[in-house]
Amino acid sequence: MALVQSGVLLLDLAGQIQSADPEAQAILESGSELIGKSLAELWPDSPLPSLWAEASTGQEASQEFVTNWTARPKNIFVSLRAFSAQERGFLVLIQDLSAVRRLESIEREFITNVSHELRTPLTSIKMAAESLQMGAIVNPKLKDKFLSNIQREADRLTRLVNELIILANIEETGTSLHISAFDLFEVLDDVSSTMSHHSKVNDIDMVNDYPSSLPIISADRDRLSQVLINLVDNAIKCNRPNGTVTLHAHVEGEEAVIEVTDTGIGIPKIDLPRIFDRFFRVDKARSRVTGGTGLGLSIVKDIIEAHGGTISVNSVVNIGTTFTIRLPLKARVHKDVD
Ligand SMILES: Nc1ncnc2c1ncn2[C@@H]1O[C@H](COP(=O)(O)OP(=O)(O)OP(=O)(O)O)[C@@H](O)[C@H]1O
Ligand SMILES: [Mg+2]
């Protein structure tokens, strides 16, 4: 569907609507009741009546405004122009710019978030360097503290930049997954051993709950590993001491069902709808310590959806969380990863 919907109305000299194409009716969410009515009768509080008054003086009149009579507010651009053909009247061009305005606002929010995420670690690095310069360097304890701060914040920046590169890649070339056929069991085992050290140092027990008889699937192996590592990483860092992370998989029809379950802090119900949003973190203060950027799950979702799969989450606060992936055994590569 086009990003901008356009429609046309024709008004007679008295400003009454003579005809409305189906596109204009759909945009304005008004049906045949348009015909024979004036703009002031239909939408009295909108700028449309005054635009008509302006167009009556022979000028072209245009304006963008937000509707208050449609089911949801819409950003509408209208342009009115007098015409004189066989009959004289006014031509009204109507464009629904809501989708464009929404994209622009997502983009603005994204840039604000990225700038903030870049600035915070940079400020910490600068402050630590200044403290060292001003004398902390001769105090072994302070020196260690500031140096490890610098290291931690530099790691955070590296992670953020890496994730931004992945995002840019996915958005530009969403379809270019490197699909190959491989054994799902092997990928799960690789992920489990990659994460075993991380789970041990955090006192978390990793449980592998999948049979060795899992099928060969066709998907992007590296990206699927990245998805699972991200989910297991979250499950470890959001767990309780001596908690468990379970990696489960089975096949249902033409789909592999993969679950990552933890016994951790859980996600409050109110935050669940936003959990896959870019930069969303339940507890920003906690994630400063764990080093998370809040991009992981949004990337996970993009990757799974690019394969034609789905991801969902179930969580109970202080009991634990399960992320469930349903992945077609043969990736149905989607054109859009939005
Ligand atoms: N298993 C989980 N249990 C509880 N909360 C979780 C879990 N997984 C994710 N979350 C919450 O969702 C937020 C977003 O997760 P996401 O993976 O997108 O970002 P992150 O882990 O903070 O950073 P990144 O993955 O980019 O390093 C986390 O900060 C955390 O608050
Ligand atoms: Mg994460």
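Here is a walk through the fold of this chain, its magnesium site and a few residues along the way. This is a predicted model, in which local features need pLDDT of at least 70, side-chain atom pairs count only at pLDDT 80 or more, and totals for chains, interfaces and linings use all residues. Residues are numbered from 1 along each chain as its sequence is written, chains are lettered from A and ligands numbered from 1 in the order written, and side-chain values use heavy atoms, with hydrogens and water left out.

Let's start with the overall build. The chain has nine helices and twelve strands; these are DSSP runs, H or I of at least four residues for helices and E of at least two for strands, numbered from the N terminus. Its C-alpha atoms fill a box of roughly 85 × 65 × 35 Å along the principal axes. The radius of gyration is 28 Å, where a compact globule of 338 residues would have one near 20 Å (taken over C-alpha atoms, with the globule rule being 2.2 Å times the number of residues to the power 0.38). For a feel of the span, take alanine 40, in helix α2 (residues 39-42): its C-alpha lies 50 Å from that of aspartate 283, 243 residues away in sequence.

What about the packing? Of the 338 residues, 41% are buried, where buried means under 20% relative accessible area, exposed over 50% and partly exposed in between (1.4 Å probe, protein chains only). Among contacts (heavy atoms within 4.5 Å) between residues at least 6 apart in sequence, 61% join residues at least 24 apart.

Now for the metal. The magnesium ion (ligand 2) takes its protein donors from Asn230 (OD1) and Asn234 (OD1), at 2.2 to 2.8 Å. Donors here are N, O and S atoms within 2.8 Å of the metal (3.2 Å for Na, K and Ca), and water is not among the atoms, so sites may look incomplete. Both asparagines sit in helix α7 (residues 221-237), four residues apart, or about one turn of the helix. Asparagine 230 counts as buried because its relative accessibility is 16%, and asparagine 234 is buried too, at 15%.

Finally, a look at the backbone. Most residues other than glycine have a negative phi. Glutamate 29, in the loop between α1 (22-28) and α2, has a positive one, near 50 degrees. Aspartate 203, in the loop between α6 (184-201) and β7 (205-209), also has a positive phi, near 60 degrees. Glutamate 29 is partly exposed at 40%, and aspartate 203 is partly exposed at 49%.
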